[in-house]
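User: Could you walk me through some of the labels people put on a structure? I'd like to see how each one is decided.
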Amino acid sequence: MKRVKLFLRQNYGYGPLIGLLLAVGGVEAGYHAHPYWLTLMVGVGTSLLAASLVAFLSPANDEMYQKFLALGIRDMWPSRRDVPPGNWTDWLGRASKHCTLLGVAHGEWRNDERFEPALRQCLVREEVQVHIFFLDPNGGLAAARAREEQRDTPATIRNSIRIIWTLRPRLGPGSERLHLYVYDSTPSSGATWIDDFMIVTHYLAGYPNRTSPAFRVQDLGQDSLFGVFKMNIEKIREKPSTVEITEENVARYI
């Protein structure tokens, strides 16, 4: 019943009504010896009825599906590992306005041999700033995450920072627009923000981050999920505990 109401609310109800009227009119025309009108009207009418049936059965008329679209959700994966591997660096390399990576250690990024070329390709565009946020390896939250993941998370973070920091001189022009930060906020989710979309992952306390569920959200304004996660990243950036890594303080984090 909800599907029928939504179908009618979207004005799809006119299709089957017109189709039915044309089909009935065609039969009436045939009854009065007008075979041309019979063929034309019945053909168009039944086509409209068939198209309306397809539209009615389409997921576009499912109320839950419409809610997902309204929130900006465009794709979902049960695990971040299920995202096609090449997509991550392709997205990064095509960034034309903005790129922010929020995570714990970014181990998947720095272990990908395509990361450096994609980063170089991204930074060639003068308007692009790249911001990478690491969980502070010196903080208590990194130690807590280490207990949850059953690994030396602080050491993994330090290794990632060291690798990405040392590749900066190899990036050439634009390397000054690569900014690394450490933050000390609850690492409940990660985000890859490229221009007007994000891939968001929600960390699970008992599993490594790479197995976390992920979904893609499109920028549909402040009230969409994209707007919520964007605000969260901006709040993290503004917190006093978030520190940009520089030549003066990098030794503390590697």
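Analyst: Sure, let's start with a residue: His106 has 10% relative accessibility. Buried means under 20% relative accessible area, exposed over 50% and partly exposed in between, with a 1.4 Å probe and protein chains only, so His106 counts as buried. By the way, this is a predicted model, where local features need pLDDT of at least 70, side-chain atom pairs count only at pLDDT 80 or more, and totals for chains, interfaces and linings use all residues. Residues are numbered from 1 along each chain as its sequence is written, and side-chain values use heavy atoms, leaving out hydrogens and water.

User: Why is Gln150 called exposed?
Analyst: Gln150 has a relative accessible area of 68%, and the cut-off for exposed is over 50%, so Gln150 is exposed. Gln150 also has a positive phi of about 60°, although it is not a glycine.

User: How do you know whether Thr153 is buried or exposed?
Analyst: Its relative accessible area is 0%, so Thr153 is buried. Thr153 touches Val104, Ala142, Arg145 and Ala146, leaving aside residues up to four places away in sequence; contact means heavy atoms within 4.5 Å.

User: What makes helix 8 and helix 9 roughly perpendicular?
Analyst: Helix 8 (residues 140–149) and helix 9 (residues 153–167) pack at about 115°. Angles under 35 degrees count as roughly parallel, over 145 as roughly antiparallel, 65 to 115 as roughly perpendicular and the rest as oblique, so these two helices are roughly perpendicular to each other. Angles run from 0 to 180 degrees between N-to-C directions, with axes fitted to C-alpha atoms over the stretch in contact.

Conventions. Helix = DSSP H or I, 4+ residues; strand = E, 2+ residues; numbered from the N terminus.
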